[in-house]
Every structure is written in structure tokens, then in C-alpha cells.
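Visitor: I would like a close look at a single part of this protein, taken slowly and with its surroundings. Could you walk me through what can be said about it?

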Amino acid sequence: MKMASENVAMGIFLFSQMTVGMLGNSSILFYYVILMFTGKNLMPKDLIIEHLTFANCLSIISRGIPQTLADYGFKDFLDDTGCKLIMYIYRITRGVSLYAMCLLSCFQAITISPNNSKGLMLKQRVIKYIGPSCSVSWLVHIFLNILTPARVSGPSYKKNVTNMMSYAYCSWFASGNFATALYMFLLCFSDGLCLGLMACSSVSMIIILYRHKRQVRHIHKAQYFLKQSPENRATQTILILVFTFIISYSFSSIVVIFTTYSKYPMLWGVSVFTFLEICFPIFCPFVLLSNMKPISSLFLPYFVKR
């Protein structure tokens, strides 16, 4: 009874956090619908945020809803196909979210870099390929996680398998063979490459902001602290997102390693780790919204023209 009450309490907590996260991400998607409705041209950074927000929505749905239903006591609400599909979607959106954050931080670092001849040429090339690269990232992670359904089954799986972990709504096949280790190495290498680029771009942005702060302080110290440029505010927002993402991703990686090599599930702990996994998709939209223009300011020029 005590374990059941703890699971229900965790389910209520997860559901409340999911609701907040879905409202935040839906607000951003609605914001960009309004931008297109009013005829505004989307910037390259806006395209990245669109893909990031859509991936966040799918992450919350595919990871949060099944775990919440399991905490409420629902059993066998997913069959084998549904379980494979849910976990496959989550792995794809997790990868796309990582790639989008990497692309966003690298793009912002290039944007605020000094405007010399090489820098301008690089910015023009990057802007040209932002949209296609976001679309290709979905295809890349669809193929990169193609083996995920083979390692997942529904909770009603009856075959006698020794290395199988049974969770409330899904089962994972834990295998320590060479093929699994090679596959995990490929996933870790891909994720590590994105995290490395994200770290390098973040350090670059911090250095550029520090140098800019020192230069401006000698010119007009008071005005700088009263009002920062939009580029600086956007850079600080992205740095906050990068820091939050790395923390959330670290806990998520612990879950991936645990589900791959451990044979003993901890059901209540899975609920806690699930929240840590979807912490970034929940927190991300509110950081982004703090740096966006109010919707009323977008409608005002439209109605003035009318």
C-alpha cells in the first residue's frame, strides 16, 4: 500500500509537470503560427527553435504519459507494437533535441563572432543550410535508433529471456554482447560529438561576451548595464538552456546505461528518472518565452495596416 501511494503521488507530480511543459511548448508553437499568419519572415534561429520545441512535445508525450499511467496503476495499456513505437519515438526526439541544442548554440556563437571577412562568409553559409540540416536530423536519428524496437517489448512478453527487465509498461532486453556494446558506442559517440560542440560553442560565447563587456564598459558603462543588446540577451538565454540540457542529459544517460546493463528494475526510481529526463523539455519553453516579443506586439502592425 505504501509503494502504491508513492507511485500515485509520483504520477500526480509527473502529470502536473507534463501539463506545464505542454502548455509552454504549445505556446511557442502557437507563437510561430502567429508569426507566419502576420507575414513575418522566420530567422534561422527560429527554425531551430521550431524543431526543438516539436521534439520537446513528442518527448513529453512519449516518455511522460506512459509512466504517469503506470504510476496510476494502469497495466498492459500498451501492446508489444505500441511499446516499441513509443520508445522508438522517444529515442528519436531525444536525439533531435540534442542536435537542435547543439545547432542552436553553435549558430549563436557564429552570430556574435567578430564580423571579419571569414566570419561573414561562414555566417552566410550557415544560414543557407540551417533549414535542411534540421530536417535531415530527423532522418539521421530515425536510422540511428533503428535497433531500438528490437530491444523493447510489451510487459506481457512471455518468452523466457534471462536478460530482460520488466517495467510497468515496457520491457527492455539487456544484453552485454559485442553487438550491443558496439551499438551503444555508436550512440554515445554521436551524443558525445554534439555535447562536445555544444561545450566548445558555449565557452566561445562566454569569452566573446566577456570581451564585449570589457570593451563597452570603457565607453558607456551605465548604459550597458541598464540595457543589453538583443544578441547578448539571446546568448545568455541559450547558455542557460545549454546548462539545463547538460544536467538533464546526464541523468538521461544514466537511465540509458542502467536499462542496458542492469537486470533489476526499480519501479519508483524510474518515475523519478523519467521526470529528470523530461525536465529539459518542460523547462526549455519558459526560458525561450522570456526572450520573445509579446504576441500583442506582433498583431499591432497587422491591424494598423488593415
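Guide: In this predicted model, a useful place to begin is the stretch of residues 12-35, which is 100% helix and 0% strand, with its end C-alpha atoms lying 35 Å apart. The unreviewed UniProt entry lists residues 12-35 as a "transmembrane region", and the record gives the feature to further spans as well, including 96-114, 192-210 and 267-289. Over residues 192-210 the chain is likewise 100% helix and 0% strand, and here the end C-alpha atoms are 27 Å apart.

From the spans we can turn to one residue, Asn 56, which sits in helix α2, a helix that runs over residues 44-71. Asn 56 counts as buried because its relative accessibility is 0%, the cut-off for that word being under 20%. Once its neighbours within four places in sequence are set aside, Asn 56 is in contact with Asn 25, Ser 97, Phe 280, Pro 281 and Cys 284.

A charged pair completes the picture. Side chains of opposite charge can pair when their charged atoms come close. The count of salt bridges comes to one, and the partners are Arg 94 and Asp 191, whose side chains meet at 3.7 Å, N to O. This pair links distant parts of the chain, since Arg 94 belongs to helix α3 (residues 80-111) and Asp 191 to helix α5 (residues 178-226), with the two positions 97 residues apart in numbering. Both Arg 94 and Asp 191 are buried.

Notes. Residues numbered from 1 in each chain as written. Predicted model: local features only at pLDDT ≥ 70, side-chain atom pairs only at ≥ 80, totals over all residues. Heavy atoms only, no water. Helix = DSSP H or I, 4+ residues; strand = E, 2+ residues; numbered from the N terminus. Buried < 20%, exposed > 50% of the residue type's maximum accessible area, 1.4 Å probe, protein only. Contact = heavy atoms within 4.5 Å. UniProt positions renumbered as here; feature names shortened; annotations may be inferred. Salt bridge = Lys/Arg side-chain N within 4 Å of Asp/Glu carboxyl O.
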